[in-house]
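Reader: I would like a close look at the salt bridges in this protein, with the cut-offs behind each term stated as you go. Which charged side chains pair, and where do the partners sit along the chain?

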Amino acid sequence: MNCRVVVEAAVPVYDVETPDEAVRIAISKTGELLNPDLNYVEINMGERSCPHCGEGLDPAFIAADESLVALELEMTVYNVEREEHASRIARKEIGQRLENIPLTVLEVEVIEDDDEGDADSETETDSGDDVSEADESDDDEVLPEFEDLIE
């Protein structure tokens, strides 16, 4: 089973004046911490809302030129036993790179590949014959050049 896991991170940012600046710096800082090891993790702005009225708020809270930015980190975890297993793997992988940044799992979605894979394999089979014939003609041209290089 494969799962898509969304984790919320509270990233601290210092010396900022506007929420937009804080979000840009937080995304950049998080990207630097995750790359190159976890370059497959997508970084998005988090969604916050007022607990009383439900109105949408900026993902960054600024006080005294310091900010706490809510980011959503999304990754796909492959070959897991259940959703809880996927969330633990995602928290561990991301948490190792983002030290001292609190993480909360927001969503775990099971990715169904079986139904799509059957449909894709049928279309690939139909178009695969055309591609294989083209590859065979290209192979005739490529192989002599390779043999010439060896000699």
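Author: Of the contacts in the protein with a separation of 6 or more, 73% are between residues 24 or more positions apart, where contact means heavy atoms within 4.5 Å. This is a predicted model, in which local features need pLDDT of at least 70 and side-chain atom pairs count only at pLDDT 80 or more, whereas totals for chains, interfaces and linings use all residues. Residues are numbered from 1 along each chain as its sequence is written, and side-chain values use heavy atoms, with hydrogens and water left out.

The protein has three helices and seven strands, which are DSSP runs numbered from the N terminus, helices being H or I runs of at least four residues and strands E runs of at least two. Along the sequence these elements follow the pattern β-α-β-β-β-β-β-α-β-α.

Side chains of opposite charge can pair when their charged atoms come close. Here a salt bridge is taken as a side-chain nitrogen of Lys or Arg within 4 Å of a carboxyl oxygen of Asp or Glu, and by this rule the count comes to seven.

One of them joins Glu 109 to Arg 4, with the closest N and O atoms 2.6 Å apart. Glu 109 belongs to strand E7 (residues 103–111) and Arg 4 to strand E1, so this salt bridge ties together parts that are 105 residues apart in sequence. Arg 4 counts as buried because its relative accessibility is 18%, the limits being under 20% relative accessible area for buried, over 50% for exposed and partly exposed in between, with a 1.4 Å probe and protein chains only. Glu 109, at 35%, counts as partly exposed. Both residues also belong to a network of salt bridges that links Arg 4, Glu 74, Glu 107 and Glu 109.

Arg 97 offers a second place to look, since it is partly exposed with a relative accessible area of 22% and forms a salt bridge with Asp 37, the closest N and O atoms being 3.8 Å apart. That pair links distant parts of the chain, 60 residues apart, with Asp 37 in the loop between H1 and strand E2 (42–45) and Arg 97 in helix H2. Arg 97 also forms a salt bridge with Glu 93, where the closest N and O atoms are 3.6 Å apart. Glu 93 and Arg 97 are separated by about one helical turn, because they are four residues apart in helix H2, and Glu 93 is partly exposed at 23% relative accessible area.
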